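Student: I have a model open and I'd like to go through the labels people put on it. Can you tell me what each one rests on?

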Amino acid sequence: MRGLLAAVAAAGWVAACGAPPPRAPAQPIPFSHRLHAGQYRMGCTLCHAYAARGPVAGIPPTYRCYGCHKFVGTDKPAVQKVDAAFLAGQPLVWNRVYRLPDHVFFTHERHVAAGVSCQTCHGPVETVDVVAQVAPLTMGWCIDCHRQRNAPTDCLTCHK
Amino acid sequence: MDGDGTTGLQRRTFLKVLGACGVEAGCSPAHAPAKLYAALTPEPNVVPGTPIFYRTVCRECAAGCGVTARTREGRVVKLEGNPEDPIGGGALCARGQASLQRLYAPDRIRGPMRQGGAGGSVAVSWEEALSRVGAAIAGARGRAGAVRLLTRPETGLTGRIQRQFLAAIGMPESGRVAFEPLDLAPLRAAGRKLFGRDELPAFDLAAARTVVAFGAEFLEGWLSPVELARGFAAGRGKVGPSRTRLTWVGPRLGGTGASADAWVATRAGGEAAVALGVLHWLVYRSHRVDGLPPEAAALRPIVAAYDPASAAAAAGVPVAAIEALGRELAERRPSALLGPGLPSSGPDAVELAEAILLVNFVLGNVGRTVLYGLDPRLDIPARAEEVEALVADMAAGKVEVLLLHHADPVGALPPGFGAREAFAKVPLVVSFSDLPDPSTRLAQFVLPDDHPLEAFGDVSPRAGVVQIDQPAMRPLWDSRAAAQSLLDLAKLLGLSALRAPSYALYDHFLAAMKVLAADEAGKGGDVEAARRAAMERGGFWKRAAPAEVTLETRPLAPFRMGPPPAEEGVPIVPFSTPLRGGGAVDAMPWLREVPDPTTSISWVPWVELPRALAERLGASTGEVVEVRTGAGAVELAAYVAPALRDGCVAVPIGNELSRLLPAAVDGASGAFLWAGARATLRKTGRTIVLPRMSVVAEPTQEGVVRWVSAAAPAVPSPEASEQMYPRPEHPKHRWAMAIDLDRCTGCQACVVACYAENNVAVVGPELAAQGRTMAWLRIERYFEPAREGAPGPGMDFLPMLCQQCASAPCEPVCPVYATYHTAEGLNAQVYNRCVGTRYCSNNCPYKVREFNYVDPVFPSPLNLQLNPDVTVRSKGVMEKCTFCVQRIRFAENAARDAGRPVGDGEVVTACAQACPSRAIVFGDADDPTSRVSALRRDSRGYSVLGELNTAPAITYLAKVREG
């Protein structure tokens, strides 16, 4: 039995130390945040429209892309792919980068309202072409920040 | 490790475990791959993760309560009452809540089907189904009676389209039969005879000082239960003469009877004699009873045979009971007498209804509490003889096409009516049902209807009131509104009568709404604005004035004593429960798992035996008994019912009851006869473990339910035990609840609302029989000593949920800090911390913590109902009521967005929201001006097990007893 416990403990250690490097899954469209948010200085909520209003920041509806790209960059294959998908009525299927477990009830709205910048959790998105998960999203990481900012640390703040 | 490798872990095993843990870690949800589907265009008004509310109407019964449907990401996740609606007043009963499970029922018919024949049931296209049905109708066109429609009453657009369709194919009006097996036809017949009004009255119980129910289960399902419960509750929760009194007349004390202050325990079928005896007492004593109308004296001859002594003998009750009831009614006016209900719907139901209406009339209740002129009379159910005639025509081969619209004669009627056999003689049966009920299983084609939450329509439950049925989500399956299917058939057959405005149901709906809106807007008003406003709030609600009613001057024939029943056996008292309604609840697991409040039995049907009869038979609770009548025999588990008069047995409505009843019709009213059958009983020798909530066979009161009276209006505080730990502080809020036991009727609406809101799992009959149901909120039933003259004990209900104690016994025993006290006074349970030691549950004196012995199962698509704001718990985790913390957070979030504190009444828990009698009040006990604070200071207030000094956040308000 002692041996079993040791094995489980060792596994926990392996899991903690061997935390995966920042994940940057491949996306169907090589969309560049550096270009849109950095070079062209588009605000985050222009596309992630619900971040200040609801729990979920939201990914832009393809119409939002098409609104500009029916005029702009129409010679680029990736843009053509987006436009074609919109005109064909096919949704773009993105790979999720940030995901919290089901028992965590996070809301963007309260964090934005408290003045937490998007980059605090999502990193300098405006400087990268491919978005990766830069924060560990572990409970300890959340709590550290909550403590620093005097935000609630009651369990029921996030777990319901 | 021991080093020798024999007693310790082998290296190989160590590596295996290590590997498995690595896989576990790698598969934690944070790393699970997930796809994000981008919408093509933004949906207006949609913010993902936030709810959208739609107003619509409940179609589970004919009451037509308004509904607010809460949707998340395109799915309805919760139904609540519409607070503006004049019928439901913001509450919704257990069955209304469970309508969601009809929507997401795994058994729902998912598209048009062809049944029977060699291939069994096969899915077909709408085109094929409609063309086949259309061809059959075209072949029968013009031959009167060849195409018939059996439908549930449809008071709105659907009913009109049905009539137009039948007329357009040359069928007479009699081709459409409105089917409601539990219609209160005797009350209708009595109104017609006495007042010349062929309608059902509405009841304003808020105005009544005394209510007498003659088998009318008005707190459970009779007529319009939410509205009646609300009216009744308005006069409860008071100490002194202003409190509304309730008397229950009947052999079985059911859910409604449990709320009664007096029980007149008649023999089965003796209710009419009591009503006539009371009428006799009133009119013959009119020199002593003030203020009776002049017609009262003229009524003397017709009740001459029912002097209190004779009436009491006929009813099997003491004379004093009838005299006391007469005296009370003479003193406390206005009152309201209600009936007949399912238990009193025997052969003399019309006499009972007439006697009830006459007493109401002589006491001046008619026009004050009993209101005529409010029945819209739009689709009165057909007389039972018309249904019989239809079945006979079917059996004789005269019907070529039978259309079924949410009517199930095979399942709902006793087999003696021969519906099943008659179905075999109809060449084409077409059902619009959404569920495979027994009649639909015999249909050749099924054209499944949308659920009311997916379709447009309207219902008119009251004169001037039109409730608008609006879709809250897209149809889940390939279903089509039944009226749309008729329009499609009309298009196919070229029936031009239904062409205007088009063959689309929505255009018909819009046209109907415009007519109503034009009426509401008045001359020169903005019709479009009126229509939009009505659709936003949920209906057109014009207040109709009750009609003046006079007693028919034609002399009435005297009431006569029937011969005493001499047949073999004991009478069967049929009854309904707040969960069973009309009996067809198989598709709705909440209604099956939530226990019947009076017996606490779930899942299985049962037969109630009075104690004396059970002793004579030698049967105890759980023994399987064969109940046999002339019509058939069924085997049912026995429940020895303390509050059932000797000399009868009681069976809840459902398939088993139907199989016991003969095909009997009351000629005087055209009602199906549900009461009056007689049975013999035989033990089978088998015993089952009944799925029952309470582990103690018959919980008695033991100070859990407290009483106050005018003489002793306060509950004494117990001597509180010492506390080991300091009391926690609640700097901002202390969420608290007050539950008025004098208003609680045990209707289980709160329990089903809790299941829906908090993703409480349904465990099924086997685990329920082991006492492993997961309800966070349960209605506990206690017996109290029998009152004077009553043959059995009374019953008290007590909603029991987590008391959110300030000094909670569960908290200090948790080894992993999964349960703790929050600064807002909640006893938190953190599921992802819980390791399942169950110490907390062992230490909880209220037994309100539920342990997940198995992983919960939500068979698809029932999982679509799950509330995304609440964790779905898994095996090995303890769970409990959190005062709907997600709803607290929602209100707090809205308040913070608006930059203001949370106001009183802004946070409403699911149970408080559902309660028809508004017995549950939730709020902040730290705010001295809140309603809950005021109620916590009420002299009736007490804590259950207060001597333990756990300082609960729940205050119970004691029941009130006279004297």
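Tutor: Sure, and keep in mind that this is a predicted model. Let's start where Thr151(B) stands opposite Ala178(B) in β8(B).

Student: What makes β7(B) and β8(B) a pair?

Tutor: Strands pair if there are at least two bridges between them. Three bridges join β7(B) to β8(B), residues 176-178, and the two run parallel, so they count as a pair.

Student: Which other strand does β7(B) pair with in the parallel sense, and over how many bridges?

Tutor: That's β15(B), with five bridges in the parallel sense. Leu150(B) has Leu404(B) as its bridge partner there.

Student: Why is the unit of β7(B), α4(B) and β8(B) called right-handed?

Tutor: The label goes to a crossover whose path from the first strand over the helix to the second runs clockwise, with the strands pointing away from the viewer. β7(B), helix α4 (residues 157-168) of chain B and β8(B) make a right-handed β-α-β unit, so that path runs clockwise here.

Student: How do you know whether β7(B) is mostly covered or not?

Tutor: A residue is buried if 20 or more other C-beta atoms lie within 10 Å of its own. In β7(B), residues 147-151, five of five residues are buried, so each of them reaches that count. Val147(B), Leu149(B) and Thr151(B) point one way, while Arg148(B) and Leu150(B) point the other way.

Student: What about β16(B): which residues point which way, and are they buried or exposed?

Tutor: In β16(B), residues 428-431, Leu428(B) and Val430(B) point one way and Val429(B) and Ser431(B) the other, and all are buried.

Student: What makes β16(B) a partner of β15(B) and of β17(B)?

Tutor: Bridges again. β15(B), residues 401-405, and β16(B) pair in the parallel sense over four bridges, with Val401(B) opposite Leu428(B). Two bridges join β16(B) to β17(B), residues 445-446, also in parallel. Pairing needs at least two bridges, so the link to β17(B) qualifies. On that side, Ser431(B) has Val446(B) as its bridge partner.

Student: Why are β2(B) and β4(B) called edge strands?

Tutor: They belong to an open sheet of three strands in the order β2-β3-β4 (chain B), with antiparallel pairing. The edges are β2 (52-57) and β4 (75-81) of chain B, as each pairs on one side only. From one strand to the next, the twist averages 30°.

Student: How do you know that β3(B) and β4(B) pair?

Tutor: Six bridges join β3(B), residues 66-72, to β4(B), and the two are antiparallel; Thr71(B) has Val76(B) as its bridge partner. Helix α2(B), residues 94-103, packs on this sheet, touching β3 and β4 of chain B, and its direction makes about 160° with that of β4(B).

Student: Which strands sit at the edges of the sheet β12-β11-β10-β13 (chain B)?

Tutor: This open sheet has four strands and parallel pairing. Its edge strands are β12 (262-264) and β13 (335-338) of chain B, each pairing on one side only. Neighbouring strands are turned by 15° against each other on average, direction ignored. β10(B), residues 210-214, pairs with β13(B) in the parallel sense over four bridges, and Thr210(B) has Ser335(B) as its bridge partner. Helix α11(B), residues 319-331, lies across β10, β11, β12 and β13 of chain B, at about 140° to β10(B).

Student: What makes a group of residues a nonpolar core?

Tutor: Buried nonpolar residues joined through C-beta atoms within 7 Å. The largest such core has 309 residues, and Ala275(B), Leu279(B), Val359(B) and Ala749(B) have the most contacts inside it. Beyond its neighbours within four places in sequence, Leu279(B) is in contact with Leu299(B), Val303(B), Ala355(B), Leu358(B) and Val359(B). Apart from that core lies another, of six residues, including Cys65(A), Val82(A), Leu92(A) and Ala38(B).

Student: And chain A: how many helices and strands does it have?

Tutor: Nine helices and one strand, in the pattern α-α-α-α-α-β-α-α-α-α. Of its 160 residues, 19% count as buried.

Conventions. Residues numbered from 1 in each chain as written. Chains lettered and ligands numbered in written order. Predicted model: local features only at pLDDT ≥ 70, side-chain atom pairs only at ≥ 80, totals over all residues. Buried ≥ 20, exposed ≤ 12 C-beta atoms within 10 Å, placed from the backbone. Axes fitted to C-alpha atoms, helices over the stretch in contact; angles between N-to-C directions. Contact = placed C-beta atoms within 7 Å.
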